[in-house]
Amino acid sequence: MILAAGRGERLRPLTDSVPKAMVQAGGKPLITWHLERLAQAGYREAVINVSHLAERIVEVLGDGGRYGLRITYSREREPLETAGGIAHARALLGEAPFLLVNADVYCEFDFAALRRVALGAHLGHLVLVPNPRHRSGGDFTLEDGVIGDGSGPRYTYAGIAVMSPAMVAGVGSEQKAPLAPLLYAAAARRQLGGELYRGVWQDVGTRERLAELETYLASR
């Protein structure tokens with residue numbers, strides 16, 4: 001599942017007319033980078049939640065055939081936030097664990113590696129990254145799994161995870177709900193696994209960070 005329903009307030013005025021997921025970086029929409037890498041990694045189906053300027057996304061991506069994927073859209077009348085968006089899409093996602101990716105990040109992570117993750121009793125497996133400047137305090141510690149507080153260094157959640165649908169079992173299908181509190185609660189119960197990724201990753205939540213990504217892509 002790719003989370004693409006947000007309004008992208010910090011990218012305004014750009015996102016007044018362009019959905020956040022369709023903002024261009026390196027000559028293509030942010031979400032296209034994900035779709036291409038997912039297909040290369042062997043994934044064949046994608047659920048994308050849409051709300052703000054939803055038809056702009058649907059018109060460009062279509063059924064996903066050009067990317068080697070079958071795309072199904074989960075439409076939200078208004079953005080339901082991260083956990084709410086997942087809960088709204090439960091019928092499309094099924095009962096098995098699924099890969100979750102935020103549309104507003106750029107990364108060169110190997111998605112194929114996550115196909116081998118077995119959650120077991122865990123509710124999720126998070127990909128963490130070294131803390132960027134805008135989130136110097138990080139989110140989690142890696143100590144025999146992902147925990148909220150530990151003696152080791154803290155890292156930032158990359159917006160990439162393998163997730164069990166049970167993570168949002170308590171969220172209604174039309175309920176607005178963020179994912180972060182559920183992740184912290186699961187971490188406190190030792191129900192999260194994880195790994196550290198030190199490769200190229202960029203949160204594109206602001207115009208300044210979008211400019212940084214453009215500079216990087218232009219230099220390659």
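## Strand pairing around β11

Two strands pair if DSSP finds at least two bridges between them. Strand β9 (residues 140-142) and β11 have two bridges and pair in the antiparallel sense. Thr 141 stands opposite Arg 154 in β11. The model described here is predicted.

Strand β8 (residues 124-129) also pairs with β11. Five bridges join β8 and β11, in the antiparallel sense. Val 129 is opposite Thr 156 in β11. Strand β6 (residues 98-102) is another partner of β11, antiparallel over four bridges. Leu 99 has Val 162 of β11 as its bridge partner. Strand β11 spans residues 154-163 and is mostly covered. Nine of the 10 residues of β11 are buried.

## Helix α2

Helix α2 takes in residues 30-40. The helix is mostly covered, with nine of its 11 residues buried. Four of the buried residues of α2 are Leu 30, Ile 31, Thr 32 and Trp 33. His 34, Leu 35, Arg 37, Leu 38 and Ala 39 are also buried in α2. Glu 36 is at 27% relative accessibility and counts as partly exposed, because buried means under 20%.

Gly 42 follows α2. The phi of Gly 42 is positive, near 100°.

## Aromatic contacts

Five aromatic pairs turn up in a search of the whole structure. In one of them, the ring centres of Trp 33 and Tyr 106 are 5.3 Å apart. The planes of Trp 33 and Tyr 106 stand at 85°, so the pair is edge-to-face; the cut-off for that class is over 60 degrees. Trp 33 belongs to helix α2 and Tyr 106 to strand β7 (residues 105-107), so the contact ties together parts that are 73 residues apart in sequence. Trp 33 and Tyr 106 are both buried.

Tyr 216 is linked with Trp 33 and Tyr 106 through ring pairs, and these residues form a cluster.

## Charges over rings

Trp 33 also has a charged neighbour. Lys 28 lies over the face of Trp 33, at 4.2 Å from the ring centre. Lys 28 forms a salt bridge with Glu 36 as well. The closest N and O atoms of Lys 28 and Glu 36 are 2.9 Å apart.

Tyr 43 has a charge over its ring too. Here the charged end of Arg 115 sits 5.5 Å from the ring centre of Tyr 43.

## Salt bridges

How many salt bridges does a search of the whole structure find? The search finds nine. The pair of Lys 28 and Glu 36 is one of them.

Arg 75 and Glu 55 meet through their side chains in another salt bridge, at 2.4 Å from N to O. This pair links distant parts of the chain, 20 residues apart. Arg 75 is in strand β5 (residues 70-75), and Glu 55 is in helix α3 (residues 54-61). Arg 75 has 43% relative accessibility and counts as partly exposed. Glu 55 also counts as partly exposed, at 40%.

The side chains of Arg 135 and Asp 139 form a salt bridge at 2.5 Å, N to O. Is each partner buried or partly exposed? Arg 135 is partly exposed, with a relative accessible area of 38%. Asp 139 is at 5% relative accessibility, so Asp 139 counts as buried.

Note on methods
Residues numbered from 1 in each chain as written. Predicted model: local features only at pLDDT ≥ 70, side-chain atom pairs only at ≥ 80, totals over all residues. Heavy atoms only, no water. Phe/Tyr/Trp six-rings, centres within 6.5 Å; stacked < 30°, edge-to-face > 60°. Buried < 20%, exposed > 50% of the residue type's maximum accessible area, 1.4 Å probe, protein only. Lys NZ or Arg CZ within 6 Å of the ring centre and 35° of its normal. Salt bridge = Lys/Arg side-chain N within 4 Å of Asp/Glu carboxyl O.
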